[in-house]
Amino acid sequence: MRYQLKQIYCRPWTLSGLSLKLIESHYENNYGGAMRRLNAVTGQLEALDFANTPGYVINGLKREELAAYNSVVLHELYFASMGGEGKVTSAMADALVRDFGSVQRWRTQFSAMGYALGGGSGWVLLSWLPRDGGLINQYASEHSQAIASGIPLLALDMYEHAYHIDFGANAAAYVDTFLRNVDWKAVEGRFEDAGNVAPPRPLVQEEFGDLPGVGVEDVRAMLAAGQPLQLIDTRPKYFVSRQQDIAEGVVWRDPERVAEWMGELSKEKPVVVYCAYGFHVGCRTAIALRDAGFDARYMTVGHSGWKAVGAPIRMTP
Ligand SMILES: [Fe+2]
């Protein structure tokens with residue numbers, strides 16, 4: 001067997017309001033069942049002649065593998081989430097306040113999501129997002145709809161097998177009981193580990209050294225605040241004629257002729273230039289302006305980023 005069971009993390013006899021019978025049934029039938037399914041599917045995949053197997057068979061097996069693997073991982077996290085006294089540690093309280101406003105607001109949101117799944121099924125997870133360095137409450141239905149790259153820290157199982165033996169249809173009482181059993185010290189340990197995961201690597205354009213860039217959101221905020229800013233579209237000519245639009249209120253200047261038009265600009269006000277997507281043309285133009293003594297930066301996401309945030313454009317004549 002490729003995948004092996006992990007020992008149950010919480011001490012089931014210490015849980016308050018959740019019976020041994022429920023936890024044993026959950027561990028043996030559902031966690032164990034997911035593990036058995038995962039190993040069975042994995043065995044079939046290992047024996048599969050991928051090159052000569054119809055797509056629908058591959059699709060089915062890979063979907064089953066994903067669901068079974070996630071079910072295994074989330075069940076391990078679920079059992080590891082309990083065994084405490086439900087008292088939020090101070091480090092976790094700080095993190096919850098930062099991302100949800102208050103511990104109570106986090107708790108209300110997390111509980112409401114659990115109540116809302118009563119009679120349905122799925123997972124409620126508190127997850128860490130390395131991309132943005134923040135926490136989020138999320139659903140994961142069918143063991144598979146989880147945020148790619150999110151790192152779950154706390155798992156509430158809302159499949160009926162997780163509560164029916166003790167609570168019948170009273171899913172809300174189960175959610176409240178779960179929260180009373182959360183082991184927040186363990187959550188904090190996982191939170192610390194998750195914080196060490198690096199965010200996705202940023203784009204590096206080594207050829208442009210430490211040329212400063214600025215995001216479109218910051219550019220718009222500067223414009224909205226009425227800050228002096230010379231914003232110039234320097235897409236190559238053929239891009240402007242192909243895309244047929246330009247940012248509202250922005251002038252276009254030919255990047256090939258920067259030496260000719262830079263005299264129109266003031267050295268007293270910051271300059272932001274951009275091309276189509278934020279690569280070479282905008283960077284080169286910004287460098288040319290900086291070499292001439294202007295306080296110039298390039299907009300990292302270019303004209304496409306301007307449109308992607310829904311900023312106003314007009315069609316070029
Ligand atoms: Fe479960």
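Trainee: Why are Tyr31 and Phe79 called buried?

Mentor: The term rests on relative accessible area: buried means under 20%, exposed over 50%, and partly exposed in between, with a 1.4 Å probe and protein chains only. Both Tyr31 and Phe79 are buried, so each has a value under 20%. Keep in mind that this is a predicted model, where local features need pLDDT of at least 70, side-chain atom pairs count only at pLDDT 80 or more, and totals for chains, interfaces and linings use all residues. Residues are numbered from 1 along each chain as its sequence is written, and side-chain values use heavy atoms, with hydrogens and water left out.

Trainee: What makes Tyr31 and Phe79 an aromatic pair?

Mentor: Rings of Phe, Tyr and Trp (its six-membered ring) pair if their centres lie within 6.5 Å; planes under 30 degrees apart are stacked, over 60 edge-to-face, and the rest tilted. That rule gives 15 aromatic pairs here. Tyr31 and Phe79 have centres 6.4 Å apart and planes at 75 degrees, so they pair, and the pair is edge-to-face. Tyr31 belongs to helix H1 (residues 20-47) and Phe79 to helix H2 (residues 55-81), so this contact ties together parts 48 residues apart in sequence. Helices (H or I, at least four residues) and strands (E, at least two) are DSSP runs, numbered from the N terminus.

Trainee: Which residues do ring pairs link into a cluster with Tyr31 and Phe79?

Mentor: The cluster also holds Tyr27, Tyr78, Trp123, Tyr159 and Phe178.

Trainee: What makes the charged end of Lys267 sit over a ring?

Mentor: The rule asks for NZ of Lys or CZ of Arg within 6 Å of the ring centre and within 35 degrees of the ring normal. For Lys267 and Phe294 the distance is 5.2 Å. That is within 6 Å, so the distance part is met.

Trainee: How do you know that S1 and S2 pair?

Mentor: Two strands pair if DSSP finds at least two bridges between them. Strand S1 (residues 123-129) and S2 share 7 bridges, so they pair, in the antiparallel sense. Leu125 stands opposite Gln138 in S2. The hairpin of S1 and S2 has 4 residues between the strands, and Gly133 there takes a positive phi near 60 degrees.

Trainee: Why is S2 called mostly covered?

Mentor: Count its residues. Strand S2 spans residues 134-140, and 5 of its 7 residues are buried.

Trainee: What makes S4 and S7 edge strands?

Mentor: Look at the sheet. It is open, has 5 strands in the order S4-S9-S8-S5-S7, and pairs in parallel. Strand S4 (213-214) and strand S7 (251-252) each pair on one side only, which is what puts them at the edges. S7 runs parallel to strand S5 (residues 230-233), joined by 2 bridges. Two bridges meet the minimum, so they count as paired. Asp233 stands opposite Trp252 in S7.

Trainee: Why does Pro200 count as exposed?

Mentor: Its relative accessible area is 55%, and that is over 50%, so Pro200 is exposed. Pro200 lies in the loop between helix H7 (184-195) and S4.

Trainee: Why is Ala40 called partly exposed?

Mentor: Ala40 has 46% relative accessibility, which falls between 20% and 50%, so it is partly exposed. Ala40 is in helix H1.

Trainee: What is noted about phi in Glu142?

Mentor: Phi of Glu142 is near 50 degrees, a positive value in a residue other than glycine. Glu142 lies in the loop between S2 and strand S3 (151-157). At 51%, Glu142 is over the cut-off, so it counts as exposed. Ser149 lies in the loop between S2 and S3. Ser149 has a positive phi of about 85 degrees, and its 54% makes it exposed.

Trainee: How many nonpolar, polar and charged residues line the second largest pocket?

Mentor: Its lining has 8 nonpolar, 1 polar and 3 charged residues. Ala, Val, Leu, Ile, Met, Phe, Trp, Tyr, Cys and Pro are nonpolar; Asp, Glu, Lys and Arg are charged; the others, Gly among them, are polar. Lys237, Asp254 and Glu256 are in the lining, so they count as charged. H9 gives the most to this lining, with 3 residues.

Terms used. On a 1 Å grid over the protein atoms alone, a cavity is a set of points where a 1.4 Å probe fits but cannot get out, and a pocket is an open set with protein on both sides within 12 Å along at least five of seven lines; lining residues have an atom within 4 Å of a point.
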